[in-house]
Amino acid sequence: MDTMDDDLYRDVTDFAHDTPTWFQHLAEVWTELGLLLFGVLFIVAWWRARRGDPRALAIAVLAPLVTAVAYVCSELLKSAVDEERPCRAVAGAVTSIVECPAYGDWSFPSNHSTIAGAAAVGLALAWPRIAALTLPMAVLMAFSRVFVGVHYPHDVAVGLLLGAALAVILVRLATRPVGRIVEAMRGSSTGVVKWFAGPGDPTAPQVTSHRRPASHRR
């Protein structure tokens with residue numbers, strides 16, 4: 001029995017087959033290229049946060065970490081649900097643009113979409129000005145998974161929401177303790193540790209001690 005999601009999947013994949021071949025190839029590449037671009041943005045966000053306060057660097061470091069956690073959660077949920085891929089399950093659908101994943105590589109939720117949702121929100125929290133880039137990137141990456149025929153619309157919608165929600169929750173919970181670790185790292189005598197944590201904001205006021213010298217104590 002067809003569902004609304006089956007119909008929407010067929011509509012999207014029919015539209016995909018009506019697009020030029022170069023556009024289909026672009027959508028296929030984008031599903032993987034987007035992940036690479038998010039990786040580059042993680043590095044840039046960390047680098048620029050090295051001269052910020054400990055909280056800023058903590059969020060920048062957490063962004064890729066919460067994305068990894070979101071991926072693991074998506075994999076666990078995927079294994080529990082065992083939803084067949086629409087490129088095999090939807091009757092009357094056109095052939096998927098990319099090869100249908102092997103049986104046992106389940107459909108719900110979309111790992112790509114979960115990663116994209118977590119990465120986009122994590123980066124937006126670390127670098128708010130870049131949200132105008134990362135959030136549309138995540139939506140386009142999620143849509144591309146339906147476009148190439150390997151996911152249902154509900155797979156990618158839930159993946160985006162799962163990744164975004166985990167990013168917000170985990171960053172909120174972990175920013176303070178990770179910020180304390182950053183402060184400790186910046187005071188470390190180990191060169192590579194201090195380099196990773198960065199110099200912080202050189203214009204920020206320094207905390208100085210107001211204790212009197214020993215010779216002035218009574």
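Which residue lies over the face of Trp-47?

**Figure 1. Arg-50 and the ring of Trp-47 in the predicted model.** The structure shown here and in the views that follow is a predicted model. Arg-50 is the residue that lies over the face of Trp-47. The distance from Arg-50 to the ring centre is 4.4 Å.

**Figure 2. The aromatic pair of Phe-23 and Phe-147.** Across the whole structure, a search returns 10 aromatic pairs. In one of these, the ring centres of Phe-23 and Phe-147 are separated by 5.7 Å and the planes meet at 75°, so the arrangement is edge-to-face. This pair connects distant parts of the chain, since Phe-23 belongs to helix H2 (residues 21–49) and Phe-147 to helix H6 (residues 131–147), with their positions 124 residues apart. Phe-23 is partly exposed at 33% relative accessibility, whereas Phe-147 has a relative accessible area of 2% and is buried. Both residues also belong to a cluster, held together by ring pairs, that contains Phe-15, Trp-22, Phe-23, Phe-143 and Phe-147.

**Figure 3. The aromatic pair of Tyr-103 and Trp-106.** The rings of Tyr-103 and Trp-106 form an edge-to-face pair, with 5.1 Å from centre to centre and 75° between the planes. Is Tyr-103 buried or exposed? Tyr-103 has a relative accessibility of 64% and therefore counts as exposed. Its partner Trp-106, in contrast, is buried, with a relative accessible area of 15%.

**Figure 4. The disulfide of Cys-87 and Cys-100.** A search of the whole structure yields 1 disulfide. The bond joins Cys-87 to Cys-100, with an S to S distance of 2.0 Å. The link is right-handed, with 70° about the S-S bond. Cys-87 is part of helix H4 (residues 86–89), while Cys-100 sits in the loop between H4 and helix H5 (111–126); the disulfide therefore ties together parts that lie 13 residues apart in sequence. Cys-87 is partly exposed, at 22% relative accessibility. Another cysteine, Cys-73, has a relative accessible area of 30% and is likewise partly exposed.

**Figure 5. Helix H1 and its buried side.** Helix H1 comprises 15 residues (residues 4–18); at 1.5 Å a residue the expected span is 21 Å, and the end C-alpha atoms are 21 Å apart, so the two values agree. Which residues of H1 are buried? They are Asp-5, Asp-6, Tyr-9, Arg-10, Val-12, Thr-13 and Ala-16. Because these residues cover an arc of only 165° around the axis, they lie on the same side of H1. The buried residues of H1 pack against H2, H4, H6 and helix H7 (153–186). On the face turned away from the buried side, H1 carries the exposed residues Met-4, Asp-11 and Asp-18.

**Figure 6. Backbone geometry at Asp-82 and at the bond from Phe-108 to Pro-109.** Most residues other than glycine have a negative phi, and most peptide bonds are trans. Asp-82 is not a glycine, yet has a positive phi of about 55°. This residue is found in the loop between helix H3 (54–81) and H4. With 41% relative accessibility, Asp-82 counts as partly exposed. The peptide bond from Phe-108 to Pro-109 is cis, and its omega is near -10°. Pro-109 is located in the loop between H4 and H5.

**Figure 7. The surroundings of Val-150.** Val-150 occupies a place in the loop between H6 and H7. At 2% relative accessibility, Val-150 is counted as buried. Which residues does Val-150 touch, not counting residues up to four places away in sequence? Its contacts are Arg-85, Pro-86, Cys-87, Val-98, Glu-99, Pro-101, Ser-107 and Arg-145. One of these, Cys-87, is joined by the disulfide to Cys-100. Val-150 and Val-182 are 32 residues apart along the chain, and their C-alpha atoms are separated by 41 Å.

**Figure 8. The contacts of Leu-162.** Leu-162 is a residue of helix H7. Apart from neighbours within four places in sequence, Leu-162 is in contact with Ser-74, Leu-77, Pro-109 and Thr-114. Among them, Pro-109 is the residue reached by the cis peptide bond from Phe-108. The C-alpha atoms of Leu-162 and Ala-49 are separated by 26 Å, and the two residues are 113 residues apart along the chain.

Note on methods
Residues are numbered from 1 along each chain as its sequence is written. This is a predicted model: local features need pLDDT of at least 70, side-chain atom pairs count only at pLDDT 80 or more; totals for chains, interfaces and linings use all residues. Side-chain values use heavy atoms; hydrogens and water are left out. Rings of Phe, Tyr and Trp (its six-membered ring) pair if their centres lie within 6.5 Å; planes under 30 degrees apart count as stacked, over 60 as edge-to-face and the rest as tilted. Helices (H or I, at least four residues) and strands (E, at least two) are DSSP runs, numbered from the N terminus. Buried means under 20% relative accessible area, exposed over 50%, partly exposed in between (1.4 Å probe, protein chains only). A charge sits over a ring if NZ of Lys or CZ of Arg is within 6 Å of the ring centre and within 35 degrees of the ring normal. A disulfide is a pair of cysteine sulfur atoms within 2.5 Å. The expected span of a helix is 1.5 Å times one less than its number of residues. The arc is that of the directions from the helix axis to the C-beta atoms. Contact means heavy atoms within 4.5 Å.
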